[in-house]
Structures are given as C-alpha cells and as structure tokens.
Amino acid sequence: VNIGSSESCENGVELAINFDTGINQAVTHLLALRHERIGLINGDPAFPGMARRLKAYRKSLAEFGVTFRKEYVRIVDNAKGCFEEARRHTKALLRQANPPTAILYVTDELAIHAMQALRAQACRIPDDLSVIGFDNVAAGTYSIPSLSTIGVDYVELASACVEELEKLISGKAVPSELRLDTKYVKRESVN
C-alpha cells in the first residue's frame, strides 16, 4: 500500500487524495461570490501532492473559463521557512497592479500564518481578501476569522489503507489506485 507517492506500486494499491473535488468546490464557491482573480500559494510541484493541487487549480479555472495567470501562483520554498515564505508571497501577490481577491493555500497552516501577517497590516479578511486553506486542521476552526478549507478525511484514508492492506495480506485482488475525495468546508474567511 502506497499513500500519495509518485512511485509505482507494483502488486499493490496507491491511495491518493483526489484534490480535484475540493479545489473545484472552492473555486466554484469563489466564482459564485464574483472572485475571478484567485491566487494560489503552492508547495514544490516536484512533490506529487503539490503537483496534483496545482493541476486541480488550473483545471478548475479552465472549467469555468477563467484564464490561468502565472503571476497569481507562488511556490513556497520549504528550505527558506514555509511560514515566512507564505507571508512573503502573499504580500507580493497583493502588491500587484490587479491583485487576487482570493487566495488558496496548500495547507491550513500556511493560510493561518498568512492571515496573522495580513491582520497585522490591517487587511480585513474576508472583506479585503478571501482565504481558503487545505487539510481542515482543528486550528482553522479557532483562527480569527475561522478558516474556510478543503477537508481531507484522514480517518477514511487510514481506514482505506488498513482495508486494502488486509486484502493484500489475504491474497485478494486490489485496485491499482484508490482516490479519496476532499470536500470544501465553508467558514468565515471567505466573502
């Protein structure tokens, strides 16, 4: 059983998170609120999960006829300290002539740290900028404002992993790939 890696899983199953569902729901919600300039703070696309998130973001924009704008995407360099990178990239996005009105962050932690820095600069979330994270960590519920997010059901992921592993051990057939859906969780950081 291989969880979310780019390595092939010979004679086993790859369990992966279906980023398309949640990102599409988030983009759909933002577009319904008339946000068309949607930024993305992403991790290094050399990592499969980050590449999938970027692909899902681009696909969702294209589905609604929104032009992908490279200048609205920033890549966090973990070697430079990802939280500070998220703050720096957020500020850079907002200094543009036509800045995003909403930003998706690849993790809730990045979004929460960016929101703290923005509040310190008198940026009113969600009035001045809508923010969405990814993972649905508990801290997002308690952030001010509470963080809208793309939720991953890690209990379901663990359960599926155990179930597929039991099948493998008992010699039963397993699919080569199993994707678990994500879900947009609306809270206060989007307007």
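Where does P145 lie? P145 is found in the loop between α5 (138–142) and β7 (148–152). The points below take up this residue and several others, with the reminder that the model is a predicted one.

1. **Confidence.** The protein chain has a mean pLDDT of 89, and 92% of its residues reach 70 or more. Among the elements of the chain, the lowest mean pLDDT, 58, belongs to strand β1 (residues 2–3), while the highest, 97, belongs to strand β5 (residues 102–105).

2. **Cis peptide bonds.** Most residues other than glycine have a negative phi, and most peptide bonds are trans. Against that background, the bond that runs from I144 to P145 deserves a look, since it is cis, with omega near -5 degrees. A cis peptide bond also joins I125 and P126, where omega is about 10 degrees, and P126 is placed in the loop between α4 and β6 (130–135).

3. **Positive phi at R34.** R34 is a residue other than glycine, yet its phi is positive, near 75 degrees. The residue sits in the loop between α1 (19–32) and β3 (38–42). Its relative accessible area is 76%, and because a value over 50% counts as exposed, R34 is described as exposed.

4. **Positive phi at D135.** D135 is not a glycine either, and its phi is positive at about 125 degrees. This residue belongs to strand β6, and with a relative accessible area of 12% D135 is buried. A student comparing the two cases can therefore note that R34 is exposed, whereas D135 is buried.

5. **Packing of α1 and α2.** Two packed helices are described by the angle between their axes and the distance between the axes. For α1 and helix α2 (residues 48–63), the angle is about 45 degrees and the axes are 9 Å apart, which makes α1 oblique to α2. The crossing in which α1 passes α2 is right-handed. On the α1 side the contact involves F19, D20, I23, N24 and V27, and these meet G49, R52, R53, A56, Y57, K59, S60, L61 and E63 in α2. By type, the residues of this contact divide into 6 nonpolar, 3 polar and 5 charged.

6. **Packing of α3 and α4.** Helix α3 (residues 82–94) packs with helix α4 (residues 108–120) at an angle of about 60 degrees, and their axes are 9 Å apart. The two helices are therefore oblique to each other, and the crossing of α3 and α4 is right-handed. From α3 the contact takes in C82, F83, A86, R87, T90 and L94, and from α4 it takes in E109, L110, H113, A114, Q116, A117 and L118. The residues of the contact of α3 with α4 comprise 8 nonpolar, 3 polar and 2 charged.

7. **L30, a residue of α1.** L30 is located in helix α1 and is buried, with a relative accessible area of 1%. If residues up to four places away in sequence are not counted, L30 touches H35, I38, A102, L104, S130, I132 and V190. L30 and P100 are 70 residues apart in sequence, while their C-alpha atoms are 11 Å apart in space.

8. **Q96, in the loop between α3 and β5.** Q96 lies in the loop between α3 and β5. Its relative accessibility is 18%, and because values under 20% count as buried, Q96 is placed in that class. With its neighbours within four places in sequence left aside, Q96 is in contact with E71, Y72 and R74.

9. **N98, in the loop between α3 and β5.** N98 is also to be found in the loop between α3 and β5, but its relative accessible area is 44%, and N98 is partly exposed. Once its neighbours within four places in sequence are set aside, the contacts of N98 are R37, R69 and Y72. As for R37, its C-alpha atom is separated from that of N98 by 8.2 Å, although the two residues are 61 residues apart along the chain. Y72 appears among the contacts of Q96 and among those of N98.

Conventions. Residues numbered from 1 in each chain as written. Predicted model: local features only at pLDDT ≥ 70, side-chain atom pairs only at ≥ 80, totals over all residues. Heavy atoms only, no water. pLDDT = per-residue confidence, 0-100. Helix = DSSP H or I, 4+ residues; strand = E, 2+ residues; numbered from the N terminus. Axes fitted to C-alpha atoms, helices over the stretch in contact; angles between N-to-C directions. Parallel < 35°, antiparallel > 145°, perpendicular 65-115°, else oblique. Left-handed = near helix turned anticlockwise from the far one by under 90°. Contact = heavy atoms within 4.5 Å. Nonpolar A, V, L, I, M, F, W, Y, C, P; charged D, E, K, R; others polar. Buried < 20%, exposed > 50% of the residue type's maximum accessible area, 1.4 Å probe, protein only.
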